[in-house]
Amino acid sequence: MLTSPRPPAFFLHSQYSLPSASVPHSAAISSLKSSLLLNSGLPSRIGLRAPLLHVQCRCVNSSPNVEFESGAFHVLFQELGLNEKETESLVTRDPGLRRKSIRSLRARVASLKSVGISGLELCHLVAKCPSVLAADEIDPFILFVRDNLDGKVDPAQLKRLFMSTEPRFLVRFDEKVNLLIDGGIPREKIVHVLNNVNLTKALCFKPFEEIERLVHFLSRYGGVELIVRHPPILNFDMDGQLIPRVEFLLELSGGDEDATWAVLRKLPTFLKYRVEHVESHVEFLRSFAGLDDQEIFRIILVFPNIVSASRERKLRPRIRFLKECGLDSCEIFKFLTKAPLFLGLSFEGNIVYKLGFLVKIGHKYRTKEFAVAIGAVTRTSCENMQKVIELFLSYGFSCEDVLLMSKKHPQILQYNPDSLEEKVEYLVGEMGRDLEELLDFPAFLGYKLDSRIKHRYEVKKKIIGEGMSINKLLSVSSERFGKKKLKELVHEAQKL
């Protein structure tokens with residue numbers, strides 16, 4: 001804080017003293033002016049200001065140079081973008097600003113700029129939250145963010161924190177962050193975590209012991225990996241949100257912590273859904289699809305996003321469709337574990353086009369075969385499916401042929417068309433086979449070209465020549481293929 005200048009030594013030791021309170025004010029001032037002018041030897045004329053009179057006034061007031069301080073104060077806030085009226089409003093709201101020296105206020109402004117809060121954002125912050133310049137808790141916080149976190153925390157995140165949190169809640173922020181690092185969050189990931197949480201909820205309002213408890217609880221279900229993948233988990237209240245949600249899923253799994261962890265690892269955002277929301281989905285699958293809890297958990301395990309699907313807009317009409325195709329609850333369970341995306345895809349933008357392609361190549365609507373076919377193409381795009389069908393037609397296959405192959409090997413419609421073309425060309429060109437063989441064994445197109453088809457064909461060709469069944473060539477296991485190869489080689493050697 002700026003202090004009043006010390007009066008000249010000669011004035012402090014002057015033989016003249018201030019008039020007593022009993023002397024009238026006007027007389028006191030007149031006497032004082034006469035004494036000073038007499039002592040200085042200067043003429044006493046109206047309109048002539050004696051320098052020592054100014055010194056006397058400063059001594060009488062013995063207060064800071066208000067005119068200078070106020071001017072510098074307003075200049076500082078003018079530089080931030082605030083006018084005089086706005087500045088006075090800030091001081092009224094936070095009188096502590098007046099007790100700060102201009103030097104300390106400028107240092108605080110520089111600190112805020114060092115962590116990326118500047119320009120209009122700084123002006124807005126100060127206007128809304130003047131304590132950011134006056135509170136003593138701000139400096140240690142900024143030093144930690146700037147020096148220990150390399151100043152990488154998002155300035156917008158810091159601004160939100162300052163505007164929503166009283167400075168006293170910033171105390172121990174550094175200890176809480178270090179607790180997360182000590183708990184296993186990699187130092188290079190900690191800024192990512194801080195930038196994606198509500199800092200007020202996750203750290204400032206939450207006691208140190210509560211954060212420690214949260215980290216310990218999650219250690220049974222993936223721990224800090226869950227936090228890194230979905231930082232908002234730190235926002236949750238332990239007893240009111242996090243624990244009930246995890247325990248509901250754990251109970252549904254039959255107490256299997258590993259399976260529960262597998263669900264959370266696949267979809268950490270599962271924890272953002274209220275227990276009541278998940279429970280309503282489970283109850284719907286029990287009553288409408290006829291599934292038990294074990295089957296429901298298995299579906300959740302392969303497709304956790306089922307909790308985000310609307311019961312009325314997606315789940316009910318999709319399961320009704322499967323029922324109309326003749327599937328019972330056991331078959332619905334098997335279908336959903338193999339083709340869970342059927343529950344999440346858009347009907348108008350995806351499924352309806354695929355239904356049209358399947359009907360066009362000859363599938364009968366609302367049959368079990370039709371359900372199997374639609375399940376097989378959920379993992380491919382409409383464009384890819386169209387290209388596959390057009391590829392087969394270009395080789396001379398009819399829609400009936402494509403239908404036959406897709407019934408024998410439903411996955412055929414989801415394969416990459418470029419990969420299919422390479423395999424067809426190898427079958428016809430290198431192996432010298434007829435395309436019609438694909439009608440009997442369309443699964444040929446599902447094997448890897450280099451590591452399975454070419455490798456086995458070259459090995460067998462050397463032993464038994466050209467005539468071989470492509471079904472037997474490819475469908476046997478690698479172990480059995482190796483044994484047969486060895487036996488045939490021994491047999492050939494004995495012939496020699």
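Me: In this predicted model, how many residues does helix H24 have, and what distance does helix H24 reach from its first C-alpha to its last?

Reply: Helix H24 covers residues 382-394, and the span expected for this helix at 1.5 Å a residue is 18 Å. The model comes close to that expectation, since H24 has 13 residues and reaches, from its first C-alpha to its last, 18 Å.

Me: Which residues of H24 are buried, and what covers them?

Reply: The buried residues of H24 are Cys382, Asn384, Met385, Val388, Ile389, Leu391 and Phe392. Their cover includes parts of the chain on either side in numbering, namely H22 (residues 347-360), together with helix H25 (399-408) and H26. The elements to name as part of the cover are therefore H22, H25 and H26.

Me: Which residue just after H24 takes a positive phi, and of about what value?

Reply: The residue in question follows H24 directly in the description of the chain and is a glycine, Gly396. Its phi is positive, at about 100°.

Me: Which residues other than glycine have a positive phi, and where do they lie?

Reply: Most residues other than glycine have a negative phi. Asp150 departs from that pattern with a phi of about 60°, and its place is in the loop between helix H9 (138-148) and helix H10 (155-164). Arg172, with a phi near 75°, is placed in the loop between H10 and helix H11 (173-182). The residues to name, among them perhaps others, are Asp150 and Arg172.

Me: Is Asp150 buried or exposed, and how does Arg172 count?

Reply: A residue counts as exposed over 50% relative accessible area and as buried under 20%, with partly exposed in between. Asp150 has a relative accessible area of 53% and is therefore exposed, whereas Arg172, at 34%, counts as partly exposed.

Me: Which helix gives the most to the largest nonpolar core?

Reply: The largest nonpolar core has 153 residues, and those touching the most other members are Phe77, Leu133, Phe162, Leu242, Leu413 and Phe444. The helix that gives the most to this core supplies eight residues and spans residues 238-252, which identifies it as H16.

Me: With which residues is Leu133 in contact, leaving aside its neighbours within four places in sequence?

Reply: Leu133 is one of the core residues that touch the most other members. Once its neighbours within four places in sequence are left aside, its contacts are Phe77, Leu80, Leu97, Leu105, Arg108, Val109, Leu112 and Val126.

Me: What separates Arg213 and Glu210 along helix H14, and what is the distance between their closest N and O atoms?

Reply: Arg213 and Glu210 are three residues apart in helix H14 (residues 208-218), so about one helical turn separates them. Arg213 is partly exposed at 32% relative accessibility, while Glu210 counts as buried at 19%. Their side chains form a salt bridge in which the closest N and O atoms are apart by 3.4 Å.

Me: Which parts of the chain does the salt bridge between Glu369 and Lys407 tie together?

Reply: The side chains of Glu369 and Lys407 meet at 3.2 Å, N to O. Because Glu369 lies in helix H23 (residues 368-376) and Lys407 in helix H25, the pair ties together parts that are 38 residues apart in sequence. Both partners are partly exposed, with relative accessible areas of 44% for Glu369 and 41% for Lys407, and the parts tied together are H23 and H25.

Me: Which partner in the salt bridge between Glu437 and Arg433 is buried?

Reply: The side chains of this pair meet at 3.1 Å, N to O. Glu437 has a relative accessible area of 23% and is partly exposed, whereas the partner at 13% is buried, and that partner is Arg433.

Me: Which residues are joined into one network by salt bridges that share partners?

Reply: A search of the whole structure finds 21 salt bridges. Some of these share partners, and the network they make joins Glu210, Arg213 and Asp239.

Me: How many helices and strands does the protein chain have?

Reply: The chain has 496 residues, of which 43% count as buried. Its secondary structure comes to 30 helices and zero strands.

Conventions. Residues are numbered from 1 along each chain as its sequence is written. This is a predicted model: local features need pLDDT of at least 70, side-chain atom pairs count only at pLDDT 80 or more; totals for chains, interfaces and linings use all residues. Side-chain values use heavy atoms; hydrogens and water are left out. Helices (H or I, at least four residues) and strands (E, at least two) are DSSP runs, numbered from the N terminus. The expected span of a helix is 1.5 Å times one less than its number of residues. Buried means under 20% relative accessible area, exposed over 50%, partly exposed in between (1.4 Å probe, protein chains only). Contact means heavy atoms within 4.5 Å. A nonpolar core is a set of buried Ala, Val, Leu, Ile, Met, Phe, Trp, Tyr and Cys residues joined through side-chain atoms within 4.5 Å. A salt bridge is a side-chain nitrogen of Lys or Arg within 4 Å of a carboxyl oxygen of Asp or Glu.
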